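Colleague: I'm new to reading folds, and I'd like to talk one through with you. Could you put it up so we can start with how the helices pack?

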Amino acid sequence: MSGTITVGLDGTDHASAAAAWAAEEAERRGSSLRLVHAWVWRPTDVVYVGDRAAEEGWLRNMLDEARSRVVGRHPALDVTTELLVDDPVPALLAEAARADMLVLGSRGYGTLTGYLIGSVSLKVLRQTAGPVVMVGVPDSSTLQQDAEVVVGVEPGQIGDSVLEFAFSAAAERGATLRAVHAWSVPTVLAWSPGSLYLVDEANGLDRINRDVLADTLRPWRDKYPQVEVIEHFEIGSASEVLLSNSARAGLVVVGRRSHEAGLRRLGPVTHAVLHHATAPVAVVPHDCPPG
């Protein structure tokens, strides 16, 4: 695989962690790595110790230092940098459109309070047409590159691009893929007597959910026979079930529905995972399968 992975940098520790993660990913994929920072000079009436040239010089130095750190660990990796003279959101969206993957830093405050996602990242996540990976500063439990890839699966509601990304990521890492499907028992009043009879004949909702998950994954198992897959289904809240199965993951993959009628938002499950998962989180836009 080839292509480009782009990282948005801002000089912080979580952005440095994003660059380190992206470098590993680029080397694994045989991709090039692009390090960028978006910046617009806005002089104000407030007394400022620097000037445009000084600030631009500092930012270029920041990019050069980030590149040096990456090349020091990955000398064979093709790494380029660019200072983008534009506002962050449109600049990063343009970068995401030309890259295979955009990687951004997530300000981590531990599992108790969760991750705080900056406003720029949220706007990019809501609008981009390609995968965005959010990376926090890792601890010793999140450094295993061969740890499980975990993907949230909602049969009938998840697009091919999400499962393609998840299976591909697991194949590249030689990792197990854990496909997580959370389900709930529907309100009895919503079921007709005929529906209840069919459920009983099919050995109950448990069997139905097993079969639906298996059917959803079957074409991807056939395409990626080398990937070991664990099919996990559980009664409960989708966000809670997915997070509980992501504690030791190396990567969590979730979907975001593509824009409908101009609506730009993250779903509740994606939003919860972004704020509370300790592993890097890949948000993959997708179109709903035809119903």
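Colleague: Are α3 and α5 parallel, perpendicular or oblique to each other?
Modeller: Keep in mind that this is a predicted model. The axes of α3 (residues 88-98) and α5 (residues 119-127) come within 9 Å and cross at roughly 40°. Angles under 35 degrees would count as roughly parallel, and 65 to 115 as roughly perpendicular. The crossing of α3 and α5 fits neither range, so the word for this pair is oblique.

Colleague: Which residues make that contact, and what class are they?
Modeller: From α3 come P88, V89, L92 and L93, and from α5 come V120, K123, V124 and Q127. Sorted by class, the contact of α3 with α5 has one charged residue, one polar and six nonpolar.

Colleague: And what is the handedness of the crossing where α3 passes α5?
Modeller: You need the sense of the turn for that, on top of the roughly 40° angle. For α3 passing α5, the crossing is right-handed.

Colleague: How is α1 oriented relative to α6?
Modeller: Helix α1 covers residues 13-29 and helix α6 covers residues 160-173. Their axes come within 10 Å and cross at roughly 80°. That angle falls in the 65 to 115 range, so α1 is to α6 roughly perpendicular.

Colleague: Which residues make the contact there, and how many of them are charged?
Modeller: On the α1 side you'll find W21, E25, R28 and R29, and on the α6 side F165, E172 and R173. Two residues of this contact are nonpolar and none is polar. The number of charged ones is five.

Colleague: On to the inside, then. Which element gives the most to the largest nonpolar core?
Modeller: That core has 52 residues, and L33, V103 and V253 have the most contacts inside it. The top contributor gives eight residues to this core, and it is α1.

Colleague: What does V103 touch, beyond its neighbours within four places in sequence?
Modeller: Start with I5, T6, V7 and G8, which are all in contact with V103. Then add A18, W21 and A22. The list ends with V133 and V135.

Colleague: How many residues are in the other core, the one lying apart?
Modeller: Its members include L92, L102, L125 and V254. L92 also belongs to the contact of α3 with α5. The size of this other core is 29 residues.

Colleague: And what share of the protein counts as buried?
Modeller: The protein has ten helices and twelve strands. Out of its 291 residues, the buried share is 46%.

Methods. Residues numbered from 1 in each chain as written. Predicted model: local features only at pLDDT ≥ 70, side-chain atom pairs only at ≥ 80, totals over all residues. Heavy atoms only, no water. Axes fitted to C-alpha atoms, helices over the stretch in contact; angles between N-to-C directions. Helix = DSSP H or I, 4+ residues; strand = E, 2+ residues; numbered from the N terminus. Parallel < 35°, antiparallel > 145°, perpendicular 65-115°, else oblique. Contact = heavy atoms within 4.5 Å. Nonpolar A, V, L, I, M, F, W, Y, C, P; charged D, E, K, R; others polar. Left-handed = near helix turned anticlockwise from the far one by under 90°. Core = buried A, V, L, I, M, F, W, Y, C linked by side-chain atoms within 4.5 Å. Buried < 20%, exposed > 50% of the residue type's maximum accessible area, 1.4 Å probe, protein only.
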